[in-house]
Every structure is written in C-alpha cells, then in structure tokens.
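Colleague: Please take one part of this model and look at it closely. I would like a strand, its neighbours and its cover.

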Amino acid sequence: MSDYERQRLYTLKQLNILDTPPSEAFDRITRMAARFFDLPLAAVSLTDENRQWFKSRIGTDLTEVPRHRSPCSDVSAQQELVVIEDFLASDFYRASPQAELGMRFYAGAPLKTRDGYTLGTLCVLGPEPRTASRQELDSLLDLSAMVMAQIELGHALGRIDPITLLPNRSQFAEDLEDLARDHPDGQYNAFFIELGSLMQLDTVARVLGHSQLDQFAREGARQLDRLIGDDRKLYSVGVCQYLFLQKTENESQGKAEAKQLNHQLSRVSLGSNLAIIVRPRFGITAFSPGQVHADDIIRHAQSASQNARQSESPVATFSPAMDREQQRHYRLLNDMHRLLQDGNEQLRLVFQPRVALATGECVGAEALLRWDHPELGAVAPAEFIPLIEGTPMARHLTRWVLDAAIGQAAAWAEQGMALRISANVMASNFRETAFTNEVVKRLRRCNLPASAIELELTETALMGNSRVVRRQLRALSNAGVRLAIDDFGTGYSNLAYLVNVPADVLKIDRVFSSAEGSKRRDAQIMMLKAIIDLAHGMGYQTVSEGFEPASMGETLAELGCDEAQSFSISRPLGPEQFRDWYLNQRTGNARAAGH
C-alpha cells in the first residue's frame, strides 16, 4: 500500500463518515446530480480499503459494492474526473460491479479534501451508452465540491479546535486563501501567543492533570479573544498557542501592541482554581497574503515567540536571518541522518595530545569529532551536537565515534604507542541499557584493555542523573572503563557529582587557566589550587583544558595538576600527524633526559 493510500484511508476514517445513517443533506445533492444528467442512478461513493460504500444513493438499494474494478476506485487513485461512455466497450470495466448491475455509462467527480486526498466520488450512472457535455461535467464537479463541504461541515469542518472551540490551523489556511484572493498585496502582522513554555505546560499536565491544562487553554482563549476585540479572529494553533492577524503599516506598530497585550494578559486570572502563573510570549512576523504559505506564517511567528522566551523578552519579531539559521539546523539534522545511514565519509576524528605535567610525556589523547560537509564546509561540533543530542541519531553517532577511537587506539598500540583515548559521550547514550556491554565488546574485538578508553561525561548527562544513568556509570566503572567529568567549573558544577559519580578524572575548564591581568590571574590561580586539592582529596586525577599562555603549564605543574591538553601543547591532529608529533615529542624527552 502506498503512503498516499495509507494516509487517504486514515483521513477517511478520521472523518467518521463510513457506515453512518443516510442524510437528507447528501441525498439532496445526489438527486440534483441524477436530475441534471437525466439518469436513474447516482451515488456519493466513498472508497474504503476493499469496498465502495454509498453515503447517499438514488436508484439502487445496494449500500456498497466491491472496490475491485470499480471506476470509483480509479477516481480516488487518479484524483480526477473519470467518464466511461460504455462499460461494455472496455475490456477492463466490462466485469465491473456497475456493469454487472446493467449499467453502461458512468461519470464520477472526485471528493477531494483540502490536503489533496480523494475520499471517493459523486457519480452518476445510466443503462445506455452516452457522452457527457462539458457543462454536465462542470456541474458534476460543482456538486462534488458541495458534497465535500457537507462532509467537512459534518465534522465541524475539521476546522474547530475541540478544546477551545476556536478555529484551528486548517481554518487559518482556508482564511488565508481568501485573504490572498481579496488582498494579495496587503501588509499584515501575524501575532503568535504561547501562554507558557513547553516545560511549564508539561508540568501542569503531569501535576494537575490534562483536564486542568484544557481549562487553562480555554481560559487563555477567552481572555485573548476579549483583549483583541471582535474585529479580529483568534485561532488555536497548538496547546495553549494562539494566532491572530492585524493589517498594519509597519512592524513597530505591531510590537507595541504585542507588548501591551502581553502586559494585560499577564495580569488577568486564567481561572480561579488554577494555581498557574501565566508567562505569555508573543512572536510577530510580517507578511503579504499572496506570497507566503499558512504553515510558514505560523512557523515564523512561533519561532519569534521562542526567541522571546529564550531572551526573556515579552515580544520578538521574526527575521530572515532567524529563518536561515533554523533552515540550516534542519538541513544539518537531515544530512546527518542520511550520513549515518548511507556512509560516514564526511566524518573524521582528530586527536589532541594529553601530557603528564610532571614529566612532559604524552600519556593519551582526546578524540574530537569533525564534520566536513561537502557544501557547507566544516561544521563545528558545538553547532551540530546539541541538535543531535536527544534524538535517535545520538546513539549511532556515538557508536561511530567509539568505533573509530577504539580502532585508532588499537592501531597505535600495535605501533608501540600505548595511549589512553578519551571520547565524549552524549547524555542520551547513558540511558541505553546495552551501552556498557557494547563498549566492552568493542574493546575486546580490538584486544584492548578496558582502561584504554576514557569516556567524558557532560554536565547534561550528570544533571540527568537518573537510576538508569547511575546504573550505567557503575557498570562502566566496574568493567574498568575510566570516566571523566568534563568542563568542571562551568554551569552548575554541583559538588554532589564528585561524591555520587564513580568517575576517575576531573577535567578543569579552560576558564580557570586562561586569565589575563594580574589581579584576575591571582584569583583564578587560587581557585585552581582549591579545585585541584579538592579533587585529589577525593581521589580524582586532574586534567587542565586549554591553558594559556604556555607559561601557565609550569604554574599548573606547581599546583599539582596531573595532566593538561592545550593548543599551547598541540592543536588537534589527524592520526598520521599525531603519530609524527608523538614520536618527535618522545625523542625530544629522551634527549632531554640524557642531558
């Protein structure tokens, strides 16, 4: 079954019209079709999976016929008007259910939804061969449109949100078509309003129940409808999300009105029994009706409202630059998805050396992911990792990184370079029940000890310190895999992590070892010493990341920091470059030791 047919059948069933009682509203249209063609039989025929079911029929007692070889089925498939002047003249239709009933002529017009799905036909049939005039066929198409209007009307037009009873996104799309026809060059602002963040609304649903969230949405709709006035139409476009349009001369006018509405909405009570604080945000996008699709208007305005929430502003306006960034992110997600499915020739690892500060010896390296996009060029991990983390792609990307890192560690071990390779792991990976087993199996396949790999935990992973995550970390530690807490000293850096996480290494963020100015430097050195002493007292090995200038390395060694990695030591290198650097560095250390 094709995707179109699957969606078409789903749409038909969602309308709840199959196997419903006869309706005079449909019968009236069917009679008009039969009279206009002067034919004895007409029907509103809906194409189900294996049958043609008649919502309305004139001239027959049958309520359905098989779909196989029925011309009505072909109308649904072809999505256009079908005329058969003589069933018996067609080798295919000669055996159709309609021909077996003694019919010779057929004309059927599609019953098409606004989304482009043909639900069935309005058809007329006769016992004698005949042709159909252009006027007759145009009339049949008009009548089929009336049938579709009746179907949609019977389903509240599919245009009403059942919670707020406001017109919904589909109605907005229809109204925009009318606006584009009547005022194609008009200038409008679309105002998108969300009553709360997704996190806040999710909390309301979980704590107070979905019925309370529904009441919140209804009260918000009622208050907004009152505030914007009777001359503007309010739409419900999501959970506690609304939209209205305003003809305008400039964007600044819309922003001033949005701020006023935000202030008014923040002060009203949305139900006396609801202990919910209203934190509305407004997003505005300017548009001309004849130049933009309804979905894009909603998307742009919603994007602006999300920017307002992120910047803690009441209102934000949409800009093309904002859309370009979102389109880029969308493209990166799609391209990475295809990349992980079809091949990973665009991905590579580079390795930044990690040295022991006491001896200057290279003891390991951090594997860093690079994406060389064929069209966008080098895409920074800081851009694409946050997009992927939390999606199903995170598992596959981490698998690729670990396979590549462990494979490189094994290759170097065969060359006499026994190095520990560290790699970042996303928070979602620790929620995979089989993650530890997969890591251990990879190491065994490459004949490496568990201590050859070190997994770096981000603060995101630690903040999601669920039972599953804690169990996974203990399993990794028990298997001998080293764990490192990355970027310590930034964000929340809860000291409870140091007590509860079975990690071995504390990686101190560069913010503590790259200060400029003597006063600030002195303060940060004191902080560095405190962190290093605390970590050592709790049994952690310490690693300084990104220290500057080069002389800071000596200070770190004096403070007792165990290891460091920094551009001052070496930039990240490809595997061959790293090998050359490592051999040169080892030779240099040997010469220095000889002297």
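Modeller: First, the term the burial counts rest on: a residue is buried when its relative accessible area is under 20%, and exposed when it is over 50%. The model is predicted.

Take strand S9, residues 241-247. Five of its seven residues are buried, so by that cut-off the strand is mostly covered. S9 has a partner in strand S7, residues 188-194. The two run antiparallel, and seven bridges link them. One point of register: Ala190 sits opposite Leu245 of S9.

Strand S8, residues 235-238, also pairs with S9. This pairing is antiparallel too, with three bridges. Here Ser236 has Tyr242 of S9 as its bridge partner. Two residues separate S8 from S9, and the pair forms a hairpin. Look at the turn: Cys240 has a positive phi of about 60 degrees.

Now set S9 beside another strand, S18, which covers residues 505-508. In a regular strand, side chains alternate between the two faces of the sheet. In S18 both faces are covered. Val505 and Lys507 lie on one side, Leu506 and Ile508 on the other, and all four are buried. Note the lysine in that list: Lys507 is buried along with Val505.

The pairing of S18 is parallel with strand S17, residues 482-488, over three bridges. Ala484 is the bridge partner of Val505 in that pairing. S18 also pairs with strand S19, residues 541-545. That pairing is parallel as well, with four bridges. Val505 appears here again, opposite Gln541 of S19. The pairings of S9 described above are antiparallel, with S7 and with S8.

Now the setting. The chain has 20 helices and 20 strands. Of its 595 residues, 48% are buried. Its radius of gyration is 34 Å, where a compact globule of 595 residues would have one near 25 Å. The C-alpha trace spans about 110 × 60 × 45 Å along its principal axes.

Contacts reach far along the sequence. Among those between residues at least 6 apart, 67% join residues at least 24 apart. The exposed area of the chain is about 29,300 Å², and carbon and sulfur atoms supply 50% of it. For charges, there are 64 positive and 75 negative, and their mean positions are 4 Å apart.

Notes: Residues are numbered from 1 along each chain as its sequence is written. This is a predicted model: local features need pLDDT of at least 70, side-chain atom pairs count only at pLDDT 80 or more; totals for chains, interfaces and linings use all residues. Side-chain values use heavy atoms; hydrogens and water are left out. The radius of gyration is taken over C-alpha atoms; the globule rule is 2.2 Å times the number of residues to the power 0.38. Buried means under 20% relative accessible area, exposed over 50%, partly exposed in between (1.4 Å probe, protein chains only). Contact means heavy atoms within 4.5 Å. Accessible areas come from the Shrake-Rupley method with a 1.4 Å probe; for residues, only the protein chains shown count as cover. Lys and Arg count as positive and Asp and Glu as negative; His and the chain ends are not counted. The place of a charge is taken as NZ of Lys, CZ of Arg, CG of Asp or CD of Glu. Two strands pair if DSSP finds at least two bridges between them.
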